Amino acid sequence: MEARSDDPQVIREGQKGLLEAAFLPPATVADGSALLAELARAVERDLSTADHAPATERAYAHDWADFSGFCRRHELTALPAAPQTLALYLKALETARSRAPSAYRREPPAQTVYVGPVGLSLPTLRRRLAAIAARHTLNGHETPTDHPLVRRMLRRYARSRGTAAKKKDPLTIDRLPAIVSAMQDDAAARRDRALLLLGYAGAFRRSELAALDVVDLRFTKAGLYVWIAAAKNDPRKQGRELYVPRLPAERIDLCAVAALEGWLAEVGAEGPVFRTFDLRGRLTANRLDPSDVARILRRRAAAAGVAGDFAGHSLRRGFITNAAKKKVPIESIKRVTGQRSSGIVLDYVAAATLDDDPPLLEIVG
């Protein structure tokens, strides 16, 4: 049985010391030994940095902890793992129950009933395998996830579960006014109003909203320029600039630029744009977590009586849905969303325009 290694910092332990041991010359070598030693340490520092986005690193660490925990409980070897071990793990995941509180319902007198899904979704399962493969590659082992046995189990799982991902509801422009108008005029409401309006107006991902700093914003009379330093589809961190226009006075209730200006009066001239409040309701210097975006949206929608299965992605999906309904060109939508593939946008457009001009009405009419 292997030692526990749930901490993300241990993910790259297989690399630790290898370069220094390989490149450090014997003490008797005078010329260049100090330089080689320093270069070896510098390369080792580079290799110890994260290969993925922080959210992916956290997810991979969680997934590896789950797999290694399974192996410990059943006295199996996690690193390197045999293909048969992965097959057993996949079978266990097929019948696993969600541990989320929302998956359980209390019924009188004191009975707890499980109402959540059984088995992981296919995208989550694939991420588990990706995390296992990454850990093996990092430690110089062959990747067991490519074995025919594992691939056959995955195909079987996909057939039984289906490959369609459950999509959350879009927060469209007809629902947005009710949500923002139901908010009070306190600090938390000003933050949430600016967060939701900006998230919709710029078709932001939740991670992009959480990562915004005040220095990333540039206001003009006509609108707002936002610098997005690192997006999900920008691993090289080239960054891009996004423009959000001001809305006319009659639609000031939906103007993200005006709402953000009001919120920044609370925040100040530096630091994260969207921050947390402590238990006493005081603003902190800590930025929101990306998962907070979904919680805020769901809470504000419920308070306003707006029904829907919302998530952080609902803001982005809502913008694309409304743009598609208005026949906005694909390239104009991509300029806002930052998506490089037209195919991804076309999937949104197809879903949004499914009921537009049904051919049957032309046939019957």
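**A tour of charged side chains**

Begin by selecting Asp63, which is buried, with a relative accessible area of 0%. The model on display is a predicted one, and each stop below concerns charged residues within it.

**Stop 1: Asp63 and its partner**

With Asp63 still selected, add Arg127 to the view. These two residues form a salt bridge, and their closest N and O atoms are 2.7 Å apart. The pair links distant parts of the chain: Asp63 belongs to helix H3 (residues 54-73) and Arg127 to helix H5 (residues 122-138), 64 residues apart. Arg127 has a relative accessible area of 30% and is therefore partly exposed. Next, extend the selection to Asp66 and Arg128; together with Asp63 and Arg127, these residues are linked in a network of salt bridges.

**Stop 2: Arg300 and Asp192**

Which residue forms a salt bridge with Arg300? Selecting Asp192 shows the partner, with the closest N and O atoms of the pair 2.8 Å apart. Here too, distant parts of the chain are linked: Arg300 is in helix H11 (residues 290-303) and Asp192 in helix H8 (residues 187-201), 108 residues apart. A surface display is useful at this stop. Arg300 has 16% relative accessibility and so counts as buried, the limit being under 20%. Asp192 is buried as well, with a relative accessible area of 0%.

**Stop 3: Arg246 and Glu261**

Now select Arg246 and Glu261, whose side chains meet in a salt bridge (2.7 Å, N to O). Arg246 lies in the loop between strand E5 (240-245) and helix H10 (256-267), whereas Glu261 is in helix H10 itself, so the pair ties together parts that are 15 residues apart in sequence. Is Arg246 buried or partly exposed? Its relative accessible area is 27%, and Arg246 is therefore partly exposed. Glu261 also counts as partly exposed, at 34% relative accessibility.

Before leaving the pairs, a general remark may help: side chains of opposite charge can pair when their charged atoms come close. How many salt bridges does the model contain? The count comes to 16, and the pairs visited here are among them, including Arg127 with Asp63.

**Stop 4: a patch of positive charge**

Finally, turn to the surface and select Arg151, Arg152, Arg155 and Arg159. These residues gather there in a patch of positive charge. Arg159 is a suitable residue on which to centre the view: it is found in helix H6 (residues 148-161). Arg159 has 64% relative accessibility and therefore counts as exposed, the limit being over 50%.

Terms used: Residues numbered from 1 in each chain as written. Predicted model: local features only at pLDDT ≥ 70, side-chain atom pairs only at ≥ 80, totals over all residues. Heavy atoms only, no water. Patch = residues over 30% accessible without salt bridge, like charges linked within 9 Å, V, L, I, M, F, W, Y side chains within 5 Å. Areas by Shrake-Rupley, 256 points an atom, 1.4 Å probe, with all protein chains shown as cover. Salt bridge = Lys/Arg side-chain N within 4 Å of Asp/Glu carboxyl O. Lys, Arg positive; Asp, Glu negative; His and termini not counted. Charge placed at Lys NZ, Arg CZ, Asp CG, Glu CD. Helix = DSSP H or I, 4+ residues; strand = E, 2+ residues; numbered from the N terminus. Buried < 20%, exposed > 50% of the residue type's maximum accessible area, 1.4 Å probe, protein only.
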